[in-house]
Amino acid sequence: MSDHEDKHEESLLEKISEKVKGHDLSSSSSDSDDDKPSESSMKAKVFRLFGRERPVHDVFGGGKQADIFLWRNKKISAGALGVATVIWVLFELLEYHLLTLVCHLLILALALLFLWSNAATFIHKSPPRIPEVQIPKDPVLEFAQALRFEINRGFAVLRDIASGRDLKKFLSVIASLWVLSIVGSWCNFLTLFYIVFVLLHTLPVLYEKYEDKVDPLSEKAWHEIKKQYAVFDAKVLSKIPKRPLKEKEKKKD
């Protein structure tokens, strides 16, 4: 009887130990499962330049304009950059005027077409087929509506800044306009437009290629800017007296 009881106790102990081991395994697996989303969340929180959450191609609209800026179609991108360079050389370096250039191009085109149309009867060839050019209505209206929307949004942003609600935004806009005014004193509008055009055709494609190296550097720079702004806020901005909200509401009433 004692041997039978000892065997029964040993079997119970084995069952209990197996249950404990199974519980430990399940808890460890659940812990590992809990760690997986944390790791994925850490990966999801990787710092991206300008806080973007989409690929660079989607940031530029994801259409043909994005393909041009990111050199998906190298012929069109190179052609656009070449045309912009020729225009800049004509107007900036050669000091050509827009009206003069347009008139000269029209004179050349009309003279060639006129001579070709009259000479075709003598050389027994068909005259040139001059296409009928018309500006479509829908794209013009869409462009006008988009331009109107962007202008109204810009006016709303300027109104919000001028209302004195956000000092940080006010200072950032003032600093940006000041830097832009300095750049404008160095070059004219055409050169500035050409520089921006070239940067749009070079920086995005370089960033897309080396974003894994650029993002950590930009994160360090952003943290440093935030530190410097915190110091500036503590020493200067926090000491500026602010008008209480009650006074603003009374004045509105």
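Two residues are in contact when they have heavy atoms within 4.5 Å of each other. With that in hand, here is a friendly tour of this predicted model. Among contacts in the protein chain between residues at least 6 apart in sequence, 56% join residues at least 24 apart. The chain has 10 helices and 0 strands, and 10% of its 253 residues count as buried.

**Overall build**

- Following the sequence from its start, you will read the pattern α-α-α-α-α-α-α-α-α-α.
- The protein chain has an accessible surface of about 21800 Å², and carbon and sulfur atoms account for 66% of that surface.

**A nonpolar patch on the surface**

- Take a look at the surface patch formed by Leu167, Phe170, Leu171, Ile174, Leu177, Leu180, Phe232, Val236 and Ile240. Together, these nonpolar residues offer about 720 Å² of accessible area.
- Helix H7, which covers residues 167-186, supplies the largest share of the patch, with 6 residues.
- Leucine 171 is a handy place to start, as this residue is found in helix H7. Leucine 171 has a relative accessible area of 30%, so it counts as partly exposed.

**Cysteines**

- Should you be looking for disulfides, a search of the whole structure finds 0. As a reminder, a disulfide is a covalent bond that links the sulfur atoms of two cysteines.
- Cysteine 103 is partly exposed, because its relative accessible area is 35%.
- Cysteine 187 has a relative accessibility of 18% and therefore counts as buried, the cut-off for buried being under 20%.

**Positive phi in two loops**

- For most residues other than glycine, phi is negative. Two residues are worth a look against that background.
- Tryptophan 71 is not a glycine, yet its phi is positive, at about 60°. You will find tryptophan 71 in the loop that runs between helix H3 (64-69) and helix H4 (74-93). Its relative accessibility is 25%, so tryptophan 71 counts as partly exposed.
- Glutamate 95 also has a positive phi, of about 55°, although it is not a glycine. This residue sits in the loop between H4 and helix H5 (98-119). Glutamate 95 counts as exposed because its relative accessibility is 61%, and exposed requires over 50%.

Notes:
Residues numbered from 1 in each chain as written. Predicted model: local features only at pLDDT ≥ 70, side-chain atom pairs only at ≥ 80, totals over all residues. Heavy atoms only, no water. Patch = residues over 30% accessible without salt bridge, like charges linked within 9 Å, V, L, I, M, F, W, Y side chains within 5 Å. Areas by Shrake-Rupley, 256 points an atom, 1.4 Å probe, with all protein chains shown as cover. Salt bridge = Lys/Arg side-chain N within 4 Å of Asp/Glu carboxyl O. Helix = DSSP H or I, 4+ residues; strand = E, 2+ residues; numbered from the N terminus. Buried < 20%, exposed > 50% of the residue type's maximum accessible area, 1.4 Å probe, protein only. Disulfide = S-S within 2.5 Å.
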